[in-house]
Amino acid sequence: MNPEPYLYIMFLQFIPKRFCGYLPPISVKTMLRCNRKEWAVTLKSGVRRRLVNGWKQFVVDNNLKKGNVLLFELVEATSGVVIFSVEELGLTNA
């Protein structure tokens with residue numbers, strides 16, 4: 001397992017299983033920090049973990065499109081909250 005809990009994504013629909021070991025197994029309030037702003041979302045539990053309830057607003061506010069690559073750095077993960085620092089790395093050829 002990679003000791004650094006970083007997640008690179010092109011367009012997030014589901015969180016990769018190999019990353020889920022760093023996260024609480026329950027649905028939890030989650031904070032996304034990007035460009036000195038914060039968005040409250042929910043990290044949904046289940047077989048296919050995903051961000052909901054605020055994820056669409058994060059995408060709109062950051063003008064994200066298919067092909068954008070994001071770096072998610074796990075800042076904190078407890079049973080009460082998960083915090084990610086998010087950085088846009090640019091576009092792929094998608």
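A residue counts as partly exposed when its relative accessible area lies between the 20% that bounds buried residues and the 50% above which residues are exposed. Arg33, at 35%, is therefore partly exposed. Keep that scale in mind for the tour below, and remember that this is a predicted model.

**A salt bridge to start with**

Arg33 has a partner: its side chain forms a salt bridge with Glu38, and the closest N and O atoms are 2.9 Å apart. The structure holds 1 salt bridge.

**The overall fold**

Stepping back, the protein contains 2 helices and 6 strands, arranged along the sequence as β-α-β-β-β-α-β-β. Of its 94 residues, 37% are buried. The accessible surface comes to about 6,200 Å², and carbon and sulfur atoms account for 51% of that area. If we take the contacts between residues at least 6 apart in sequence, 47% of them join residues at least 24 apart.

**The nonpolar core**

In soluble globular proteins, nonpolar side chains tend to be buried together. Here, the largest nonpolar core has 21 residues. Leu23, Leu32, Trp55, Phe58, Phe72, Phe84 and Val86 have the most contacts inside this core. Two or more residues come from each of H1, strand S2 (28–34), strand S3 (37–44), helix H2 (55–61), strand S5 (68–77) and S6.

**Aromatic neighbours**

Now for the rings. The structure holds 6 aromatic pairs, and two that share Phe19 are set side by side here:

| Pair | Centre to centre | Angle between planes | Arrangement |
|---|---|---|---|
| Phe19 and Tyr22 | 5.8 Å | 50° | tilted |
| Phe19 and Phe84 | 6.1 Å | 25° | stacked |

The Phe19–Phe84 pair counts as stacked because its 25° angle falls under the 30 degrees cut-off. This pair also links distant parts of the chain: Phe19 sits in helix H1 (residues 17–20) and Phe84 in strand S6 (residues 81–91), 65 residues apart. Both Phe19 and Phe84 are buried.

How do the residues of the tilted pair sit with respect to the surface, buried or partly exposed? Phe19 has a relative accessible area of 4%, so this residue is buried. Tyr22, at 22% relative accessibility, counts as partly exposed, since buried requires a value under 20%.

Phe19, Tyr22 and Phe84 also belong to a wider group: together with Trp39, Trp55, Phe58 and Phe72, they form one aromatic cluster. Trp55, Phe58, Phe72 and Phe84 appear again among the residues with the most contacts inside the largest nonpolar core.

Terms used
Residues are numbered from 1 along each chain as its sequence is written. This is a predicted model: local features need pLDDT of at least 70, side-chain atom pairs count only at pLDDT 80 or more; totals for chains, interfaces and linings use all residues. Side-chain values use heavy atoms; hydrogens and water are left out. Rings of Phe, Tyr and Trp (its six-membered ring) pair if their centres lie within 6.5 Å; planes under 30 degrees apart count as stacked, over 60 as edge-to-face and the rest as tilted. Buried means under 20% relative accessible area, exposed over 50%, partly exposed in between (1.4 Å probe, protein chains only). Helices (H or I, at least four residues) and strands (E, at least two) are DSSP runs, numbered from the N terminus. Contact means heavy atoms within 4.5 Å. Accessible areas come from the Shrake-Rupley method with a 1.4 Å probe; for residues, only the protein chains shown count as cover. A nonpolar core is a set of buried Ala, Val, Leu, Ile, Met, Phe, Trp, Tyr and Cys residues joined through side-chain atoms within 4.5 Å. A salt bridge is a side-chain nitrogen of Lys or Arg within 4 Å of a carboxyl oxygen of Asp or Glu.
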